[in-house]
Structures are given as C-alpha cells and as structure tokens.
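Open the model in your viewer and keep the selection tool at hand. The stops below say what to select next and what is there.

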Amino acid sequence: MQPVSLLVLCGLSCLALFPATRCEQLSPPEDLLVLTVATAETDGFKRFLRSAKHFNYTVKVLGRGEKWRGGDYMAPGGGQRIRLLKESLEEMKEQEKIILFVDSYDVVFASGPKELLKKFQQTKHSVVFSSETLIWPNRHLEDKHPHVREGNRFLGSGGFIGYLPKVKEMVADWTGEDDDSDQLFFTNIYINPEKRKSINITLDSKCRLFQNLHGALDEVVLKFEDSRVRARNVLYDTLAVVVHGNGPTKLQVNYLGNYIPKVWTFESGCTVCHQDLRPLTGIQESEFPLVMIGIFIQQPTPFVTVFFERLLNLQYPKNRLKLFIYNQESHHQKQVDSFLKSHGGLYQDVKLVGPEGEDTDSVSSRNLGLDICRQDKECEYFFSLDVEVVLKNKDTLKILIEQNLPIVAPMITRAGRLWSNFWGALSADGYYARSEDYVDIVQAHRVGVWNVPYISSVYLVKADVLRSELTDFGLYSSDTQDADMAFCSNVFSKGVFMYVTNMHSFGRILSLENYQTQHLHNDLWQMFENPVDFEERYIHENYSLIMRNKLIETPCPDVYWFPLFTDLACDHFVEEMEHFGKWSGGGTVDTRIQGGYENVPTIDIHMNQVGYEKEWHKLLLDYIAPITEKIFPGYYTKAQFDLAFVVRYKPDEQPSLRPHHDASTFTVNVALNQVGLDYQGGGCRFIRYNCSVKAPRKGWALMHPGRLTHYHEGLPTTGGVRYIAVSFIDP
C-alpha cells in the first residue's frame, strides 16, 4: 500500500472542515495588524502592550496625544474609535491585510497570531465580531438580531477581526460624532441583512476568538497548561485568544491579567516581577528618592512605642524622608512627642497634626498628606503607614520603591488568621469578596506581585501619579464609603492599578479589639488579641531555647531556674503595680483571700486587683505549663491558681519572709528587678537542703514544689526595693 502524501491528507482535512469549499492557505502572521485606540498610556494599556509583545503581535496605536471625547465605558459612546479607525484604514492599500481592532485598556492577549488567524479563517467569513449575552445599548433591537444555533447572539464592538477591504467597507459610512455609540453603529450594520451579507459578517458566538467578560463571569475560569495560562469558557469549552473586560468587568480582567498569558504559572512562578525595576543598590544615599511617610494614628493602638522603634530602624536615609504624622488620640501624644524629641531632627522635615491642633479629621488628614507630597516638587513617593502596622522587614520601603509601580502595598496579615491588608475581589456592592487565589496568596503558596482592587493600612504611591492621574484632593472622601474604600474606588475609576506584593515577608497588623487604655502599660494586656507582639515585647529572647537546649538550671535540688521575662516586662509589671499603689499592709487579716486570713503575709498586690488575672493565667498556660511537663514528667497542669501577686520587699517595710510552705503543688517566683543594682540582699533559702539562691537574675523564674519538701524562707533585703511575682499553682 502506497503511503498517502501529506498534501492529500491536508486536502482531506480541509474538506472535512469546509465541505464544498476551497481549502485556503492560512494567512501568515505578518499579514495581521492590530489596531487599537489609546489616548493615554494607562496601566491597562501597558498591560495590553506587554501581552501583545509576548506573542509578537504587530500593534499600531491610534489617538495618542488626543483628548478622549468618546464618553466612558458605562454609557453609550466610543464614536471617536471609529473615526480614528476609518482615518487609519484610508492610508492602507494591502488587500491581503487582516485587521484586528480591539480595545486596549481592558484587553489581554491569551494566545498568538497563528491561533487567531487559524480560528478566524475557519469561520469562512470576512469580518468576525466578538459576541455578548447581553444586548446594549438599544434593547429594542433584540428581535432584529439573527438567531444562532448555539452561543451568544449579540454583537460586541470591543473586538473584531476582518480583511482590510471589508473593514474599510464597514466603516465607510461613518459620519457620527466622537461621543456617538460605536456599539450601536456596528450593531445596525450587523442586523441589516443586506449589509451583513455584503460584508460577510458573523459573530464569534462560542468565544473561540474573543471572550467578553460582561455577562459571562460564571462561564470563565483560569486554565493552567504547558507553562501558560488561558481563560477557558466552560460553557462552550473554548479558549479565546483575546480576553476583554468590557463594561463593569474591569476588576475581573485585572484578576485574569495576574496570570494570562504567562504572568504567573505554577511552573515558573511570577515571570514579570523582576522586570522594569528601579534598583537602589549602588547609588549614593543623597540620590535616593525623597519619600514622605504619612503616619496615621486614628484610635487607641497597642505597641505604639514599638511602632516608632521600627520606623526608626527602616533601612533608608533619614535625610531623604519627610514625616507627616496625624495623631487623633491624645492617649498616644506622649509616645509621639517622645519619638520626635529624640529622633525628629534626623528627618528632612516633620509635620505633626495633633488631636488639639488643626481642625482636621482622619479623612481630611489623609487627603492633606497626599496633597503635601503632590505639591512638593521634590517628593517622589508617599508612603502611607497606619500605626497598627508591624513592619518587621527593615527593607520594606526600598523593596516597594524598587518595584517601580504606581501604587504597591507590602502584604501583611494578622497572626494566625487569613486576614490581610488586601482584597482579591469585590462583591457587587463594592465590599469584600474572596477571590479564588486569595488563600494561596496569603499563605504564600503563590508568590508574586498582584493587581488587586483594594489595599489598606500600608502602601507606597508614586508622586507622579498623584500629579497626573490622581489630581483630585479628596481621594479619601466619600459620603457612603470608609476612607480606605473611597481611596481604592477613586484610584480604580482613574484607571490606576494597585498592587500587593508577597515576594518578601514584611510583617503583620495588630488587632485593635478590646484594647484598654486605663492602665499605665496597656500593652501588658495584649496576651489574647496580639500574642505574637506580646511575646516579642515581653518574653525573654532565650525562652525558646529552654526546650531545645535544656536552658534550665538547678541551683538547688528540684529547684529549676530559667529565663521568662524581658527586662522591659519586669519594669512594666513593677511600674504598673506602683502606679496602682494599693499595697497590702502585710498583716494576717486579708479580705482579698478566701477566709480572710493569711498565715504568711507579704506586702503585695494581687493580679486580680489590677485586672490581670486572665492574662496571668494565659501566661502560665503558654509559658510555664510546657516547662512543668518537661521537668516533672507525667504531671500535667492547667495552671490553676488561687493566688498570684507581686511582692515588694524593703528594709524599712518588710525585708524578709519567715520559713513556710506554699499552698501549691508547685510555685513560680519571678525576679522583677536586679540584685546589686536595684536592691541589696534578698534571695530564697530552701531549708531542707540548706541551699540558697542569693543572686536571682532579672526576668528569670524559680520553679519548685510548694508543699512538704521545699520548706523555704525569704532572705532579708538590706537596701533598695526588691520585687518578685509569685504564683501558687494547682493549690
């Protein structure tokens, strides 16, 4: 049997595809010219060109430098596009030229010219328009549209492809105004049987060439294949070449544009995150861009002192930073003043708007901060930073600048939760909706730079963008939306993209729930709401070594000694108790305890007197119970206690404590200040073993059995004041 020639097979294939028709050769890519209208180089336009360049499309841009007079996407208009198209086509003479006319600001190419041309020529029509499920702008024309066997019935003017002579013929009769409807113009041609037949127009009803998203969001999903990403229409099982976020679907095309065509893939990760950067390495500090940092304190917030410590530690030349500080809370004025007094002179300039200063609310202050940067010719960036943000990465500002994006936020999360400072999608009413990739981004399973509809708390804005696209003073102002939502909405309406990056670990954001302000050191009460920040601030840096390296000493038999608190924690506990000031008299009659009688009285303040009983119990559970289970194998504790208190020893008040047993299964005794520096003498002697601990380290805890074996006494304090925190656990 003779082998069948390739030519014969090709002929059979063509006959199978197009019976009773001539098998035409596929047009080469060089015959295709992409025409688009872009009067401004928006972020969407840049994305369009990037995707076109990826597939080597030849693109001609019409209308550059012209003022747009064609209306907006939510109202009929677009006639300017047809005028520009008509003028451009009049200059072209190549009869074999194929024209692809598409929008640009909300369009992404998902595949290349070969696939597009193949699918176009398979239609056997001269002009193919994109299709829609919805008729617009004239619903009364619905009955005049030809019925289709399957697929979308209505024409979409945002994209069409056709042979040059037929496209010329189609637009030859245009005499409309720039703000007339291009959609209506093309629709009237399509529903006219004579013109439709003369020009040989059809619709891409099953979205093989064009995927319009309006009315089809439930049909379109991302399809990852062969290190590329496509938009798959699950209703028709098609993969469009051109993806168009027409009408109110701009956010959705932004989401798809995070992946299509090869922006982010499972195989390569982010392929564009290192493009078009603004590197800062190797330049002199005097040449660093000038940044205005806007700091906003709008409600009582924990760890404000730590916030300013981290601000000071940002790795960026201080003389290239200006500070704009808005403080709405008089509660935090002390911390602000302390920071500015000690370090304000390091910065090029500082402007403070305080609670008793200018009559400026939180919204106006944010608008004012942006405008100060906008009007300052030297200002290149505005870095908006809310005080509840915990920036752990000292290079955050440099990283964001190097991304060279109009607006970019570092992704921060709330410890132990999926909460973050960005939204991946919006609901129909403009509030939070979870995108398909949100959890993967938050958990860093997908790493990159993401175009998102909402950011908050911390982000960097280019001053050039403020002076061009975002010139309105009231970007944060709205009668119906919160300031952050108003900002994002206004930015989106101007066509400016907002990004969030999770390419580095940046930090987290504090919970402001249940923050109390009635204490001297309110951060001590953050055990529940912000346990990570509490631990960093108050738990000894070597505590974590206890389990791994056995960092537990035994100065006496069955007496265990280990680090628990930082020096700052000790200082805050002492200051908190002295601020409260209601020390017991040290007598045996004590109405604070059950029965009212204290056998071994001390001068002390109980934890429940300062409202710290729940926090102290959690501290014992989280940091003492694990050690107990390690050093007393087989014994498990829930860290219950009847008595937990801070004791004060003074030579002229109560210098020592007589020998006694504790009413506990085990006792924890934490030294809150330093022998030799804060006091002299003191310590604890275990009488049965004739063993004393005379130099307790500040922040270190002694743990020992309370009953039977460890009869002990408090040694005399001979000078200064000694403080210890005592817990009788499992009485």
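A salt bridge here is a side-chain nitrogen of Lys or Arg within 4 Å of a carboxyl oxygen of Asp or Glu. The model is predicted, so local features need pLDDT of at least 70 and side-chain atom pairs count only at pLDDT 80 or more, while totals for chains, interfaces and linings use all residues. Residues are numbered from 1 along each chain as its sequence is written, and side-chain values use heavy atoms, with hydrogens and water left out.

**Stop 1: salt bridges**

Select arginine 232 and aspartate 237, whose side chains meet in a salt bridge (2.9 Å, N to O). For accessibility, buried means under 20% relative accessible area, exposed over 50%, and partly exposed in between (1.4 Å probe, protein chains only). Arginine 232 is partly exposed at 26%, and aspartate 237 is exposed at 54%.

Next, select aspartate 571 and lysine 698, which form a salt bridge with the closest N and O atoms 2.7 Å apart. Aspartate 571 sits in helix H18 (residues 567-580) and lysine 698 in the loop between strand E37 (691-693) and strand E38 (700-705), so this pair ties together parts that are 127 residues apart in sequence. Helices (H or I, at least four residues) and strands (E, at least two) are DSSP runs, numbered from the N terminus. With a relative accessible area of 28%, aspartate 571 is partly exposed; lysine 698, at 14%, counts as buried. Then select Arg310, Lys392, Arg508, Asp533 and Glu536, which are joined into one network by salt bridges that share partners.

A search of the whole structure finds 36 salt bridges. Another to select is the one between the side chains of glutamate 150 and lysine 206, at 3.0 Å from N to O. Glutamate 150 is in the loop between E5 and E6, and lysine 206 in the loop between strand E7 (201-204) and strand E8 (210-212), so the pair links parts 56 residues apart in sequence. Glutamate 150 is partly exposed at 43%, and lysine 206 is partly exposed at 32%.

**Stop 2: strand E6**

Which residues make up strand E6, and how many of them are buried? Select 154-163: 10 of the 10 residues are buried, so E6 is largely enclosed by the rest of the structure. Add strand E3 (residues 98-102), which pairs with E6 in the antiparallel sense over 5 bridges; two strands pair if DSSP finds at least two bridges between them. Leucine 100 has isoleucine 161 of E6 as its bridge partner. Strand E5 (residues 127-132) also pairs with E6 in the antiparallel sense, over 6 bridges. Here phenylalanine 129 is matched with phenylalanine 160 of E6.

**Stop 3: helix H10**

Select helix H10 (residues 333-343), where Gln333, Val336, Phe339 and Leu340 are buried. They cover an arc of only 135° around the axis, which puts them on the same side of H10; the arc is that of the directions from the helix axis to the C-beta atoms. On the other side of H10, Lys334, Lys341 and Ser342 are exposed. An α-helix has 3.6 residues a turn, so residues three or four places apart point the same way. To see what covers the buried residues of H10, show among others strand E15 (290-297), helix H9 (304-313), strand E16 (321-327) and strand E17 (349-353); contact means heavy atoms within 4.5 Å.

**Stop 4: threonine 42**

Finish at threonine 42, in the loop between strand E1 (32-37) and helix H2 (43-54). Threonine 42 counts as buried, at 15% relative accessibility. Leaving aside neighbours within four places in sequence, threonine 42 is in contact with Tyr105 and Gly495.
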